[in-house]
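Here is a small set of exercises to work through with the structure open beside you. Try each task first, then compare your steps with the solution.

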Amino acid sequence: MRKTDNTQRAYWLKTLHQWHWISSAVCLLGMLLFSVTGITLNHASQIESRPAVTARELQLPPELKALVTPDASPSSPRAPLPAQLADWVDTQLAVNVRGRDAEWSDEELYVSLPRPGGDAWLRIDRESGVAEYERTDRGWISYLNDLHKGRHTGVAWSWFIDVFAVACLVFCLTGLFILKLHAANRPTTWPIVGLGLVIPLLLALLFIH
């Protein structure tokens, strides 16, 4: 019976260690990123940010101006730009607005272009055909902070966060079970684990109101 117990223990240790190192490899870089940005977000007010603003103004050619005149309104007040106009914006401003909804008012078209680490917008005057574009860049720290929050990062990054979260969960749970298997020979295991639970709980109860 003793031999069987040792065999099972060895099997589970080997399996848990395998899943533990695989999950750690998957989430290593992500965990470093989220750890660093956790610090930068916690001290965001102490980190200076000097936004760089880029502004451009262009005149639509006559054939494109005809697509945005007050007489050329879509059926909905929120609709993408016409394909030819979106291609022109991409060529002239290196901005991809294809598929993005624009706000069509009587006076203008407005496209909001938020992105990690900054912001941008495109405005087209429907009467004059003047296109204004402004982009704000708040720096790489702001960019990484927005990656941490998943702010304006798109579907692909959202999927990455989900996969990363699952890998972290596997990493933590396998680590917990490995601790359990070693706890008999390491009497300080559970007191230390308990501190990891009690300390943040006390801080939350006593100092967060």
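**Exercise 1. A salt bridge beside a helix**

Task: In this predicted model, find the salt-bridge partner of Asp-87, place both residues in the fold and classify their exposure.

Solution:
- Step 1. The partner is Arg-98, and the closest N and O atoms of the two residues are 3.0 Å apart. The cut-off is 4 Å, so this pair qualifies as a salt bridge.
- Step 2. Asp-87 sits in helix α3, while Arg-98 belongs to the loop between α3 and β3. The two are 11 residues apart, and the pair links distant parts of the chain.
- Step 3. Asp-87 has a relative accessible area of 37%, so it is partly exposed. Arg-98 has 42% and is therefore partly exposed.

**Exercise 2. A network of charges**

Task: Starting from Arg-123, trace the salt bridges to Glu-108 and Asp-125, then name the network they belong to.

Solution:
- Step 1. Between Arg-123 and Glu-108 the closest N and O atoms are 2.3 Å apart. This bridge joins strand β5 (residues 118–125), which holds Arg-123, to strand β4 (residues 108–112), which holds Glu-108. The separation along the chain is 15 residues.
- Step 2. Arg-123 also meets Asp-125 in a salt bridge, at 3.5 Å from N to O.
- Step 3. Exposure comes next. Glu-108 is partly exposed because its relative accessible area is 22%. Asp-125, at 17%, counts as buried, since the limit for buried is under 20%.
- Step 4. Put together, Glu-108, Arg-123, Asp-125 and Glu-132 are linked in a network of salt bridges. The count for the structure comes to nine salt bridges.

**Exercise 3. Two aromatic pairs**

Task: Decide whether the ring pairs Tyr-11 with Trp-12 and Phe-34 with Phe-164 are stacked or edge-to-face.

Solution:
- Step 1. Recall what is needed: a pair of aromatic rings is described by the distance of the centres and the angle of the planes.
- Step 2. The structure holds five aromatic pairs. For Tyr-11 and Trp-12, the ring centres are 5.4 Å apart and the planes meet at 70°, so this pair is edge-to-face. Trp-12 is partly exposed because its relative accessibility is 47%.
- Step 3. The rings of Phe-34 and Phe-164 are 4.9 Å apart from centre to centre, with 15° between the planes, and the pair is stacked. This pair links distant parts of the chain, with Phe-34 in helix α1 (residues 2–42) and Phe-164 in helix α5, 130 residues apart.
- Step 4. Phe-34 is at 16% relative accessibility and so counts as buried. Phe-164 is buried as well, with a relative accessible area of 11%.
- Step 5. Widen the view: Phe-34, Trp-157, Phe-160 and Phe-164 form one aromatic cluster.

**Exercise 4. The nonpolar cores**

Task: Which residues have the most contacts inside the largest nonpolar core, and which element gives the largest share of this core?

Solution:
- Step 1. The largest core has 22 residues, and Leu-81, Leu-85, Val-97 and Leu-122 have the most contacts inside it.
- Step 2. At least two residues come from each of α3, β3, β4, β5 and β6 (130–137). The largest share, five residues, is supplied by α3.
- Step 3. Look at Leu-81 in detail. Beyond its neighbours within four places in sequence, Leu-81 is in contact with Ala-86, Val-97, Arg-100, Ala-102, Trp-104, Leu-109, Val-111 and Leu-122.
- Step 4. A second, separate core has five residues, including Cys-27, Phe-34, Ala-167 and Cys-168.

**Exercise 5. Positive phi and a buried asparagine**

Task: Compare the settings of Ala-94, His-152 and Asn-145.

Solution:
- Step 1. Ala-94 is not a glycine, although its phi is positive at about 55°. The residue lies in the loop between α3 (83–93) and β3 (101–104). Its relative accessibility is 65%, so Ala-94 counts as exposed.
- Step 2. His-152 has a positive phi near 55° and is found in the loop between α4 and α5 (154–182). At 39% relative accessibility, His-152 is partly exposed.
- Step 3. Asn-145 is placed in helix α4 (residues 140–149). Its relative accessibility is 9%, so Asn-145 counts as buried. Leaving out residues up to four places away in sequence, Asn-145 touches Thr-37, Thr-40 and Leu-41.

Definitions and conventions
Residues numbered from 1 in each chain as written. Predicted model: local features only at pLDDT ≥ 70, side-chain atom pairs only at ≥ 80, totals over all residues. Heavy atoms only, no water. Helix = DSSP H or I, 4+ residues; strand = E, 2+ residues; numbered from the N terminus. Buried < 20%, exposed > 50% of the residue type's maximum accessible area, 1.4 Å probe, protein only. Contact = heavy atoms within 4.5 Å. Phe/Tyr/Trp six-rings, centres within 6.5 Å; stacked < 30°, edge-to-face > 60°. Salt bridge = Lys/Arg side-chain N within 4 Å of Asp/Glu carboxyl O. Core = buried A, V, L, I, M, F, W, Y, C linked by side-chain atoms within 4.5 Å.
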